[in-house]
Amino acid sequence: MKRILTIQDISCLGKCSITIALPVISAMGVETVILPTAVLSTHTMFKNFTVKDLTDQLIPITDHWKNENVKFDAIYTGYLGSAEEIEIAKQIFDKFGSDDTLIFIDPVMADNGKLYPAFDLEYAKLNASLCSKADIIVPNITEACFMTGIEYKESYDEEYIKKLLSGLIKLGPKMAVITGVSLSEGKTGVYGYDTVKKEYFIYQNDRVDASYHGTGDLFSSIAVGALLRGLSVKDSFKIAADHTADTIRETLKNPGKPWYGVDFETTMPDLIYTLNESLKSS
Ligand code: PXL
């Protein structure tokens, strides 16, 4: 079984970061080791959330693993709470990374043209430097703008997305995949560039007109889980995009749906079915 390390916070209530990554990636058949950067009462879209920072634990915990000779097939970072945590994430890549370790970075910090409350421009620059170490980065358009210095646009064309991709690739990752890219009415999906194959790839599905917190974490967890199970990059991102959209659709049907996250628990059996079917035919 492949083993992944995911580094992000635990938002106890909120269905995001580790409370999505751990159940989803584990259910996909990949051993999921967690390194919690902080424990929050909820994610930061709630008012008055509490935070217990765990930055001082990151080195001792990973030193212990290193002494136990633990190896990881992939390291996946999501929401990192501070500049110091970004620096420590870089050290952890160096500590455990080898040519066979997939470094997958979701530079969670912004959406809809704005940085999340905890972050500033300096943090965005540091996130850009973290991305230089990645095999795959998966920013949304807003995050891509903050990291490349390119102006954010609500309406755009394919040329604009290619310009963002080229800016992201200059940061140094092997592959950049921009999420939430809508190139025609009623559609949305991903647009990526692979520097090894020197090719663009695009996948669009039907847009669901609702936005929920944690859907980016669901998308990234599925993509990295599928990659570790051996699916191709294109199939992994297709499953991630389709399943995230299906989960938002299912959530909208639930009259008692929470405002703060999606019902990924309801759609988990479908995800595992789709994954198994894709593995059979790949
Ligand atoms: O879903 C990303 C995320 C993760 N963790 C925390 C957050 C957010 C987004 O706002 O606040 C604590």
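Trainee: What radius of gyration does the chain have, next to that of a compact globule with 282 residues?
Mentor: Keep in mind that we're looking at a predicted model. A compact globule with 282 residues would come out near 19 Å, and the chain agrees with that. Its C-alpha atoms fill a box of roughly 50 × 45 × 40 Å along the principal axes. The chain's own radius of gyration is 18 Å.

Trainee: How many helices and strands are there in the chain?
Mentor: Both kinds of element are here, so to speak, and you can count them on the structure above. The chain has nine helices and 11 strands.

Trainee: What share of the residues is buried?
Mentor: Start from the outside: the chain exposes about 12,800 Å², with carbon and sulfur atoms supplying 51% of that area. Then count residues under 20% relative accessible area, which is the cut-off for buried. Of the 282 residues, the buried share is 52%.

Trainee: How far apart do the centres of the positive and negative side chains lie?
Mentor: Count the two sets, and you get 28 positive and 38 negative side chains. Take the centre of each set, and the gap between the two centres is 3 Å.

Trainee: Which strands stand at the edges of the open sheet?
Mentor: Nine strands form this sheet, with mixed pairing, in the order S3-S2-S1-S4-S5-S8-S9-S10-S11. An edge strand has a single partner, so one of its sides is left without a neighbour in the sheet. That puts two strands at the edges: S3 (51–53) and S11 (199–206).

Trainee: Which residue in S5 is the bridge partner of Tyr76?
Mentor: Tyr76 belongs to S4, and Thr6 stands opposite Tyr76. Strand S1 (residues 3–13) pairs with S4 in the parallel sense over four bridges. S4 and S5 also pair in the parallel sense, over four bridges. In S5, the partner of Tyr76 is Phe104.

Trainee: And which residue in S8 is the bridge partner of Phe104?
Mentor: Carry on across the sheet: S5 (residues 102–105) and S8 (residues 136–137) pair in the parallel sense over two bridges. The S8 partner of Phe104 is Ile136.

Trainee: Which residues of S4 are buried on each side?
Mentor: In a regular strand the side chains alternate between the two faces of the sheet. For S4, both faces are covered. On one side the buried residues are Ala74 and Tyr76, and on the other they are Ile75 and Thr77.

Trainee: Which elements cover the buried residues of helix H4?
Mentor: First, who needs covering? In H4 (residues 121–131) the buried residues are Tyr123, Ala124, Leu126, Asn127, Ala128, Leu130 and Cys131. The cover includes strand S4 (74–77), helix H3 (83–96), S5, S8, helix H5 (141–148) and helix H6 (158–171).

Trainee: Which residue in the turn between S10 and S11 has a positive phi?
Mentor: S10 (residues 187–194) and S11 run antiparallel, joined by eight bridges, and Tyr193 stands opposite Tyr200 in S11. The two strands form a hairpin with four residues between them. At about 55°, the residue with the positive phi is Lys198.

Trainee: Is Leu40 buried or exposed?
Mentor: Leu40 lies in strand S2. Setting aside residues up to four places away in sequence, Leu40 touches Asp9, Ile10, Ser11, Cys12, Phe49, Thr50 and Val51. With a relative accessible area of 5%, Leu40 is buried.

Trainee: What about Thr42, buried or exposed?
Mentor: Thr42 is also found in S2, which spans residues 31–42. Beyond its neighbours within four places in sequence, Thr42 is in contact with Ser11, Leu13 and Phe49. Its relative accessibility is 9%, so Thr42 counts as buried.

Trainee: What distance separates the C-alpha atoms of Ile239 and Leu271?
Mentor: Ile239 sits in helix H8 (residues 233–253) and is buried, with a relative accessible area of 7%. Leaving out neighbours within four places in sequence, its contacts are Ile222, Leu231, Leu271, Thr274, Leu275 and Ser278. Ile239 and Leu271 are 32 residues apart along the chain, and their C-alpha atoms are separated by 8.2 Å.

Notes: Residues numbered from 1 in each chain as written. Predicted model: local features only at pLDDT ≥ 70, side-chain atom pairs only at ≥ 80, totals over all residues. Heavy atoms only, no water. Rg over C-alpha atoms; globule rule 2.2 N^0.38 Å. Buried < 20%, exposed > 50% of the residue type's maximum accessible area, 1.4 Å probe, protein only. Areas by Shrake-Rupley, 256 points an atom, 1.4 Å probe, with all protein chains shown as cover. Lys, Arg positive; Asp, Glu negative; His and termini not counted. Charge placed at Lys NZ, Arg CZ, Asp CG, Glu CD. Contact = heavy atoms within 4.5 Å. Pairing = 2+ DSSP bridges.
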